[in-house]
Amino acid sequence: MSTNYRALLSPALSFLCIAIALAITMRTLCASLKLLPEIPWEDGWKTAILLGTYGKLTLSDLFAQHNEHRILLTHLVDLADLYIFGGRNLFHFAVTVIATAAQAAAIGWLATYKIGCTHSERIALYSLAFGTLFSLPQIELFFWSFAVGNVLSSLFVILTLAILSRAHEYRSLTLMSYAVAAGILAVFGLASGLLVWPIGLLALLACERKFTGKSLIWLITGGLAYLLYFHNYVSPPYHADPRQALMQHPADLLAFFLIVIGSLAGGHGVAIAAAAGGAAATWMGSAFIAYAEAFAKSPRNITALLGITIFSCLSAAAAASSRINFGLEHALSSRYTVLSALSFACIFATNFALRNRPAENRTHERIRTPIIALCALAVIFYLPSREIDRFADASAKMGATSIAIALHIDDAQQTPWNPSFHPFILNALGFFEKQRLSVFHGDRYRVGQALSDRFRPVRATRCSGHVDAVDAVAVSPDSLRVAGWAWLNDTHDLPDRIVLTDGSQRIVGWAAEGWLRPDVPKTLTRSRRSGWVGYARAAPGTTLQAFAVNTSKGTACSLR
């Protein structure tokens with residue numbers, strides 16, 4: 001290959017890798033931000049319920065067991081979001097984005113540190129790491145605020161192993177103290193963080209080639225971390241017994257494990273995910289064999305990459321052994337995709353770092369890596385999220401529930417949480433209102449003012465839609481549940497929100513968009529989710545009018 005041709009091709013490949021990785025990242029983040037709920041979802045209520053019930057969090061509350069986890073990091077992020085950022089889940093989103101970006105950057109650094117590679121190869125590896133970790137199947141991590149502990153735990157595992165891979169270069173124990181701190185934080189993000197201690201010991205032994213004082217320090221601090229974690233620990237009663245599961249259902253355990261490892265492809269079903277997991281496992285095996293053969297000459301940072309891969313595999317095995325009774329479909333839960341994403345990103349990076357590169361083939365090598373990364377990114381770009389519709393449904397329902405909460409309308413039959421939790425969540429909502437947090441923060445759902453004071457009314461031809469139903473809420477007097485559909489004709493998009501007014505155009509309520517309405521003709525709207533449901537503070541029989549709002553333009557269009 002001529003030098004001129006290579007000089008032109010390498011920058012073009014680098015640009016394409018960056019462009020596709022950026023497109024993948026922006027698509028996932030934009031979709032997540034659009035669906036991001038204002039109130040907690042599922043386990044995300046934990047901190048708010050404790051604050052609403054007891055008024056404060058004690059040290060024991062912060063370290064208390066939640067299922068099999070101790071979620072100190074999640075509680076800390078919750079508290080920061082509530083008391084600094086108004087409790088709107090935006091801080092969780094920001095922390096998750098930053099932590100995921102840090103994971104990708106760390107993997108890219110480990111793949112290229114002290115390894116001779118071109119700028120094109122380095123760009124390809126970083127782009128692939130970002131594209132994989134920000135792929136659409138990862139959307140639950142950004143949508144579900146409670147998943148922040150999962151992401152932070154994985155980040156601290158990666159940082160711990162990265163630090164340990166360099167500990168042999170320094171006689172000072174400063175780096176070891178950083179590794180110990182990161183390892184402890186990994187443990188109190190998610191239960192799988194416990195794996196960092198045995199994996200870290202193996203990494204230290206591999207990097208230093210012998211048992212040293214640093215290994216002893218790591219062993220002792222790891223033991224203390226385990227003692228602290230398992231103090232007063234109670235095994236969750238609904239989890240399967242790992243030993244019994246291994247003896248009675250070994251094939252199902254293997255299938256669950258492979259599905260978790262291949263869950264990035266879970267949008268195509270269980271069989272495809274299992275096949276992807278099998279391919280990843282085979283690729284992992286070849287990487288470990290290559291590492292063993294070149295152990296003496298291999299850069300130490302490769303040990304960290306393989307340690308992350310082992311962490312992902314052991315975490316998948318732990319999930320399989322404890323949750324096999326939930327069925328194989330549970331292995332496709334998108335919270336497990338982080339293990340799949342880390343596995344694929346690290347194995348690609350490891351194979352790059354371990355590859356044999358004779359001088360006479362170096363020219364082709366420089367082109368080969370970006371081309372392979374480009375092909376992988378193209379596949380990742382088209383990976384669907386299996387649960388995107390479930391998140392969209394949950395987001396729409398939580399949007400309507402947020403409005404009901406803000407307007408003090410108790411419509412318990414429409415709430416997205418288990419009815420048995422309703423009394424505890426009421427305590428949390430009382431705390432939110434007292435502190436002016438979450439839906440009570442700011443004047444987003446303010447009623448009583450004239451429509452023209454908030455938005456600029458525009459002609460009705462700029463939107464399409466209809467009010468389909470107005471029903472009284474049985475347990476809340478002077479409250480109405482309103483439903484319909486809407487579409488903005490001028491922007492060819494869904495409205496940002498729906499405002500409800502009485503006959504004098506005084507705002508009496510709001511509605512959340514994004515509800516599934518496949519019955520609306522495609523000639524009127526391009527989206528299946530043109531439906532909206534909301535609430536109004538008005539007596540039955542009140543004449544209501546709905547307006548589709550375009551927030552960026554500050555306009556409100558009457559729905560005829």
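Here a biologist quizzes a modeller about the labels put on this predicted model.

Biologist: What are the ground rules for this model?

Modeller: It's a predicted model, so local features need pLDDT of at least 70 and side-chain atom pairs count only at pLDDT 80 or more, while totals for chains, interfaces and linings use all residues. Residues are numbered from 1 along each chain as its sequence is written, and side-chain values use heavy atoms, with hydrogens and water left out.

Biologist: Let's start with the disulfide. How do you know that Cys463 and Cys557 are joined?

Modeller: A disulfide is a pair of cysteine sulfur atoms within 2.5 Å. Cys463 and Cys557 have an S to S distance of 2.0 Å, so they pass. By this rule the count comes to 1 disulfide.

Biologist: Why is the disulfide of Cys463 and Cys557 called left-handed?

Modeller: Because the torsion about its S-S bond is about -85 degrees.

Biologist: What does the Cys463 and Cys557 pair tie together?

Modeller: Cys463 sits in strand E4 and Cys557 in strand E10, so parts 94 residues apart in sequence are tied together. Strands (E, at least two residues) and helices (H or I, at least four) are DSSP runs, numbered from the N terminus. Both cysteines are buried, and buried means under 20% relative accessible area, exposed over 50%, partly exposed in between (1.4 Å probe, protein chains only).

Biologist: How do you know that Cys313 is in no disulfide?

Modeller: For Cys313 the nearest cysteine sulfur, that of Cys346, is 10 Å away. Cys313 counts as buried because its relative accessible area is 16%, against the cut-off of under 20%. Cys375 is in no disulfide either: its nearest cysteine sulfur belongs to Cys17, 9.2 Å away. At 47% relative accessibility, Cys375 is partly exposed.

Biologist: Now the sheet. What makes E3 and E4 edge strands?

Modeller: The open sheet has 8 strands in the order E3-E10-E9-E6-E7-E8-E5-E4, with mixed pairing. Strand E3 (456–458) and strand E4 (463–472) each have a single partner strand, so one side of each has no neighbour in the sheet. The twist averages 30 degrees from one strand to the next.

Biologist: How do you know that E3 and E10 pair?

Modeller: Two strands pair if DSSP finds at least two bridges between them. E3 and strand E10 (residues 555–558) have 3 bridges and run parallel, so they qualify. Arg456 stands opposite Thr555 in E10.

Biologist: And which strands does E6 pair with in the antiparallel sense?

Modeller: E6 pairs that way with strand E9 (residues 545–550) over 5 bridges, with Arg497 opposite Val549. E6 also pairs in the antiparallel sense with E7, over 4 bridges, and there Leu500 stands opposite Gly509. E6 and E7 form a hairpin with 5 residues between them, and Gln505 in the turn has a positive phi of about 60 degrees.

Biologist: What makes E6 mostly covered?

Modeller: In strand E6 (residues 497–501), 5 of its 5 residues are buried. Arg497, Val499 and Thr501 point one way, Ile498 and Leu500 the other way. That fits the usual pattern: in a regular strand the side chains alternate between the two faces of the sheet.

Biologist: Which helix lies across E7 and E8?

Modeller: Helix H18 (residues 388–406), and it runs at about 170 degrees to E7. Axes are lines fitted to C-alpha atoms, for helices over the stretch in contact (heavy atoms within 4.5 Å), and angles run from 0 to 180 degrees between N-to-C directions.

Biologist: How does the span of H6 compare with the expected one?

Modeller: Helix H6 (residues 119–133) has 15 residues and reaches 21 Å from its first C-alpha to its last, close to the 21 Å expected. The expected span is 1.5 Å times one less than the number of residues.

Biologist: Why is Thr47 called buried?

Modeller: Because its relative accessibility is 1%, against the cut-off of under 20%. Thr47 is in helix H2 (residues 46–54). Not counting residues up to four places away in sequence, Thr47 touches Leu57, His75, Asp78 and Leu79.

Biologist: Last one: what makes Asn67 stand out?

Modeller: Asn67 has a positive phi of about 55 degrees although it is not a glycine. Most residues other than glycine have a negative phi. Asn67 lies in the loop between strand E1 (65–66) and strand E2 (69–70), and at 28% relative accessibility it counts as partly exposed.
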